[in-house]
Amino acid sequence: MMKTEGGGNKARKHRFGDAIFQFTRNRLAVFCLLVLGAIIFCALFADLIAPFGIDEQQISEALQAPSRSHWFGTDNYGRDIFSRVLHGGRVSLLVAIAATLLSTVFGVLFGSVAGYYEGRIGNLIMRIMDIFMAIPSLLMAIVLAASFGAGLNNTILAIAISSIPSFTRVVRAPILAVKQNEYMEASRAIGARTPRLILRHILPNILAIVIVQSTLGVANAIISVASLSFLGLGVQPPTPEWGTMLSAGRAYITKCYWMVTFPGLAIVLSVICLNVLGDALRDALDPRLKM
Amino acid sequence: MIEYIIKRILMMIPVLIGVSLLVFSLLHFAPGDPARIILGDDAPVEAIEAKREELGLNEPFLVQYVKYVTKIVTKGDLGNSFKSNRPVTEVILERYPTTLKMAGCCILMMVVMGLPIGIISAVKQYSLIDNLAVTIGLVAVSMPNFWLGMVLIIIFSVKLKWLPASGFYGWNYWIMPAMTVGFSNAASLLRTTRSSVLECIRQDYVVTARAKGQKESVVILHHVLRNALLPILTVIGISFGIMLGGAIVTEQIFSIPGIGKLMIDSINSRDYPVVQGAVLLVALSFSLANLIVDIMYSIIDPRIQIKGAKKIKGAEKYDEN
Amino acid sequence: MEGKKLLSVKNLKIQYNTRSMGICRAVNDVSFDLNYGETLGVVGETGAGKTTIAKGIMRLVSTPPGKIVAGEVCFAGENLLKVSEKKMQTYRGNKISMIFQDPMTSLNPIDTVGAQIAEVLKLHSAPMSKQQLMRKAADMLEMVGIPGERSYDYPHQFSGGMKQRIVIAIALACSPELIIADEPTTALDVTIQAQILELMNKLKKETQTSMILITHDLGVVAEMCDKVAVVYAGEIVEYGTARQVYKETQHPYTLGLFQSLPSLTGDETRLKPIAGMMPDPSDLPPGCCFHPRCPFAENACQASKPPLRVLETGHKVRCMKSLNGRS
């Protein structure tokens, strides 16, 4: 009898190893990961990279178009826009990531509790989330920001709170589904207790969703920060941030397009990378994931 | 069906009450004193105090809230604006039609730009149109829409001088704002349409339809599209709900006198009653939009049964084999 | 029209060009004939290519990534692979119909069942009013044993067995000359299977329709088929009348299939599966596709692909040896 050729499945040991493999095959996603890495690098080391300081005003050079010495031009105070974009990136990304981290933690917490303990506690949590979700999230963030006041920390808090409800809902759904699964019953039948059930069965299932949702969440948060700052409710000048730069540039829009264009492009670039990453992660981790 | 609608509307009431309480509390504990903002920083302390008494700001929080809610429930009175002393209802209703018109334009733009391309993109997957659509869709969804607005102003108002940059006095004032909001929403609709149609086009009943000898165009329109409609309608409905809340930043950029701009201006001037009333209106519109989407779900998909709706007659006895 | 050829498939080759796995040779050089009134059973394991053959005949292979690379499908004298798509649409549902495997997903969930039957009627009959169409649809439902009033119900209101009856009603609505039934009972439980098969047999006899019955169930084939084709890795490895294939089995694979059936009599304590697995269609072994699993294989089997030998009785086998019945 001859040996079998072809066929036979290799046992996939780790689901995440498989996911990483899938992910690396998506060239666009890897490219965006690298670009994002570059953006984060620039933001972190803005002090070293930026040719000018954030507040270095050279009035004589105000409102200059992009040139070799000022790649992105100068603003109305003569400050180099390229440097300000780099430093602004630090603020925008910091706020976005911090806010998303907060909303992830609390979203998972509330969502897990609401999903696992379906009775009164779960209901109460979801009713409260319903109230928050009755207002579009940007408006919610605006009202929160107005209430807390301006400033970096308050902005982070406002954006975090406005994102928690959707996170909660997204986390709760698979938990409800997994709870019904027969292997949960089987585990309970052989005596597994609640912590073990949660750790071994529920968490791996929601981990995939949480990773994808947070990535996309950072993207949305960047836009939210920019919107809030643009409206004057978030980060305050003179702190450079992409949104405040857009707001400042608006007054000069007729003559100096560069004040508005480059910060905007920075936002677009970062958000595109995050969106592509989020989609790629979703495809890699579970092509059946529908959100 | 009617019972379901009534039940849903009744369920909206506690949510709206919750919203009003939430916003009331947030504004109450916000920094900044409305009286001082109205009278100016230079006003004497007594005048400010008197104003605060007049506006009822010195009473305990709960008392203020209960008075507020009672006035709404008994007289339908949302209070008066701190700034102009006009009834809030009047102030809001002055602006709401503009927002409604904007929302209508934007939804139209959104559907016209997003839906057909989404369908074509899915039907001709991997073609040039598909790749282009997916790329443009990705970029458009990643843009803050107010930035798009400013870019449009730069191109069409400043460089080309074709369109006016602000105000809302004629049809040519509508184009750029509608494009701004419509474009980014169209991108989101395109992505949803594409993925929904792609999913349906792979279903077995599509093969069945083709095996009947049906034309491809009918297969797509009648079999695929109608099944793909649910997520599409959801996106359209929710987007419309959000637009009814005033495309806040866009109204700011183009100086459009709608609800969005009203809310921002009122927040900045601490005109609490106006903010509360406007947010309540937005929450109501949003909830109604959600309700309409749910109702449409049950109309379109016969598998989604609303409890209490008429059951198909006589079907019970055949439910064994 | 007994004895006259209705369908003649010659050297059909279908491939799928996938991004991840290269070229998938799903159907390799398949040829068979079908006479009027005959029933051909196409037997094989999952993944052998049986459904692809069926889709190829109806030209329903999804064209990216699939492609009918070579061959002829002559139906009543006309090569279906060469006609225009518009003409092909007049054949589908009308002269050739298909019954699908999974009744749960084969019906459009948002159309009434009556409308779905009426659709195929409307496509291929003389123009009729809506009431006439719906009445005919109700008649078709009655023919498959479902009360006509239920034509205004939706698919989700029926059980699996009833859904399959509806699919059969759709397939038979325009009195086709050929029905291709792709594993029509696989998704149903055993008692319902028997009912559906009985229904199909009865309708087949009443309407004198020819049928290609695709299945992996040898018992079903024995009951319903005049001729049998055994498919492995996209090729026909044995072909003959039911009697020839069952009693005078020639190919080692067919033998293995029969031997793997559990027996109600006899003393066996273990099942006898065929060792190994069907090869991946993108990575077929050289020479005879079955040689890696064949207990009778020799070196020559790996060297070159055996042709389909014709024995005197018309029985065909793709193997260099002759087994002459079960040992």
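Two strands pair if DSSP finds at least two bridges between them. Helices (H or I, at least four residues) and strands (E, at least two) are themselves DSSP runs, numbered from the N terminus. This is a predicted model, in which local features need pLDDT of at least 70 and side-chain atom pairs count only at pLDDT 80 or more, while totals for chains, interfaces and linings use all residues. Residues are numbered from 1 along each chain as its sequence is written, and chains are lettered from A and ligands numbered from 1 in the order in which they are written.

**Sheets of chain C**

Eight strands of chain C form an open sheet with mixed pairing, in the order 6-7-8-3-9-10-12-11. Strand 6 (96-99) and strand 11 (309-310) of chain C are its edge strands, and each pairs on one side only. Helix 6 (residues 160-172) of chain C packs on this sheet, touching strand 6 and strand 7 of chain C. The direction of helix 6 makes about 175° with that of strand 6 of chain C; axes are lines fitted to C-alpha atoms, for helices over the stretch in contact, and angles run from 0 to 180 degrees between N-to-C directions.

Another open sheet of chain C has four strands in the order 2-1-4-5, with antiparallel pairing. Strand 2 (22-35) and strand 5 (78-79) of chain C each have a single partner strand, so one side of each is left without a neighbour in the sheet.

Two strand pairs of chain C are set out below.

| Strands (chain C) | Sense and bridges | Opposite residues |
|---|---|---|
| 7 (residues 178-182) and 8 (residues 210-215) | parallel, five bridges | Leu178(C) and Ser210(C) |
| 4 (residues 66-75) and 5 | antiparallel, two bridges | Cys74(C) and Asn79(C) |

**Helix 2 of chain A**

The 18 residues of helix 2 (residues 27-44) of chain A should span 26 Å at 1.5 Å a residue, and the end C-alpha atoms are 26 Å apart, which agrees. The expected span is 1.5 Å times one less than the number of residues. Ala29(A), Cys32(A), Leu36(A) and Ala43(A) of this helix are buried (20 or more other C-beta atoms, placed from the backbone, within 10 Å of their own; exposed means 12 or fewer, partly exposed in between). Seen down the axis, the buried residues fall within an arc of 60°, so they line one face of the helix. The arc is that of the directions from the helix axis to the C-beta atoms. On the other side, the exposed residues are Arg27(A), Phe31(A), Leu34(A), Gly37(A), Ala38(A) and Phe41(A).

**Contact between chains A and B**

The contact takes 31 residues from chain A and 34 residues from chain B; residues are in contact if their C-beta atoms, placed from the backbone, lie within 7 Å. Helix 1 of chain B gives the largest share of the chain B side, seven residues.

Methods: Contact = placed C-beta atoms within 7 Å.
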